[in-house]
Amino acid sequence: MTEELKNRIDKTMQNLKRNNMEPYFVETSEEARELVKKLINKGDVVSCGGSVTLKQTGVYDVITSSDYNFLDRSAPGLTREQVEDIYRQTFSADAYFTSTNALTENGELYNVDGNSNRVAAILYGPKSVVVVCGVNKIVKNIDEAIYRVKTKAAPPNTIRLNIDTYCSKQGQCVSLNKENPELCEGCRSEGRICCNYVVCAQQRHINRIKVVIINEELGY
């Protein structure tokens, strides 16, 4: 790890703590999996948002094991109504796992969603929210976070989800063709995944949100 990266991580963690979010730092995904087991209890009701990072780290395998009561919206054979019911059950979960689209050095989480069940659960409901992210998600400020989503997060996610949008073909948001694009500007596709924009700053509920930073390049 370079000295510059170390300083950025230290600053980010200090500001997360100042914003009443509990920061953790681990070197590897393996360490992250072991930490996660300490942040939840056997038998807890657990859910998660869609996340490449959770899959890459193996955290998804941990929380979907028989040790926990996992609310599985991806279970085969579910109707849309049943999936929606699981989304609502998630608000009463003991723990909710997700990654983040960007993490600023000011200790803020920036997330953009289409369906928005993920950002909804981050904001309210589950007793504990565990955010798992690689160091590649750290940005200087909200402006960089916005740019990151428009260039590095949204385009590959639309490809992963097989959604026909401008960014899935061009690799960046159509709004960046303008000189000074506004936050919410984008395509008019019916499958647009950038619908709701959420910044988590200082929290009222101390340490409800926990942020696990991993010294690896993970997710989008």
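Helices (H or I, at least four residues) and strands (E, at least two) are DSSP runs, numbered from the N terminus. The structure described here is a predicted model, in which local features need pLDDT of at least 70 and side-chain atom pairs count only at pLDDT 80 or more, while totals for chains, interfaces and linings use all residues. Residues are numbered from 1 along each chain as its sequence is written, and side-chain values use heavy atoms, with hydrogens and water left out.

**Overall form**

The secondary structure of the protein consists of eight helices and ten strands. Its radius of gyration is 17 Å, close to the 17 Å that the globule rule gives for 220 residues, so the protein is as compact as a globular protein of that length. The radius is taken over C-alpha atoms, and the globule rule is 2.2 Å times the number of residues to the power 0.38. Along the principal axes, the C-alpha atoms fill a box of roughly 50 × 50 × 30 Å.

Of the 220 residues, 50% count as buried. Buried means under 20% relative accessible area, exposed over 50%, and partly exposed in between (1.4 Å probe, protein chains only). The accessible surface comes to about 11,300 Å², of which 46% belongs to carbon and sulfur atoms; such areas come from the Shrake-Rupley method with a 1.4 Å probe, and for residues only the protein chains shown count as cover. Among contacts (heavy atoms within 4.5 Å) between residues at least 6 apart in sequence, 74% join residues at least 24 apart.

**The six-stranded sheet**

Two strands pair if DSSP finds at least two bridges between them. An open sheet of six strands follows the order E1-E10-E7-E4-E2-E3, with parallel pairing. Strand E1 (22–26) and strand E3 (69–70) stand at its edges, each with a single partner strand, so one side of each is left without a neighbour in the sheet.

Within this sheet, strand E4 (residues 95–98) is joined to strand E2 (residues 45–48) by three bridges, with Tyr 96 as the bridge partner of Ser 47. Four bridges join E4 to strand E7 (residues 128–134), where Ser 128 stands opposite Ala 95. The side chains of E4 alternate: Ala 95 and Phe 97 point one way, Tyr 96 and Thr 98 the other way, and all are buried. Strand E7 is further joined by six bridges to strand E10 (residues 209–214), with Val 132 opposite Val 212.

**The four-stranded sheet**

A second open sheet has the order E8-E5-E6-E9, with mixed pairing. Its edge strands are E8 and strand E9 (196–200), each of which pairs on one side only. Strand E5 (residues 102–104) and E6 pair in the antiparallel sense over two bridges, and Leu 103 has Leu 109 as its bridge partner in E6.

**Salt bridges**

A salt bridge is a side-chain nitrogen of Lys or Arg within 4 Å of a carboxyl oxygen of Asp or Glu. The count comes to eleven salt bridges, including the following.

| Pair | N to O distance |
|---|---|
| Lys 6 and Asp 10 | 3.0 Å |
| Lys 11 and Glu 105 | 3.7 Å |
| Glu 34 and Lys 37 | 3.3 Å |

Lys 11 lies in helix H1 and Glu 105 in the loop between E5 and E6, so this pair ties together parts that are 94 residues apart in sequence. Glu 105 is buried, at 10% relative accessibility, whereas Lys 11 is partly exposed, at 39%. Arg 8, Lys 11 and Glu 105 are linked in a network of salt bridges. Lys 6 and Asp 10 are four residues apart in helix H1 (residues 3–18), separated by about one helical turn. Glu 34 and Lys 37, three residues apart in helix H2 (residues 29–39), are likewise separated by about one helical turn.

**Loop residues**

Lys 140 is found in the loop between strand E8 (138–139) and helix H7 (142–160). Leaving aside neighbours within four places in sequence, Lys 140 is in contact with Arg 8, Thr 104, Glu 105 and Asn 106.

Most residues other than glycine have a negative phi. Ser 116, however, has a positive phi near 80 degrees; this residue lies in the loop between strand E6 (109–113) and H6 and is buried, at 11% relative accessibility. Asn 162 also has a positive phi, of about 60 degrees. Asn 162 belongs to the loop between H7 and helix H8 (166–170) and is exposed, at 71% relative accessibility.
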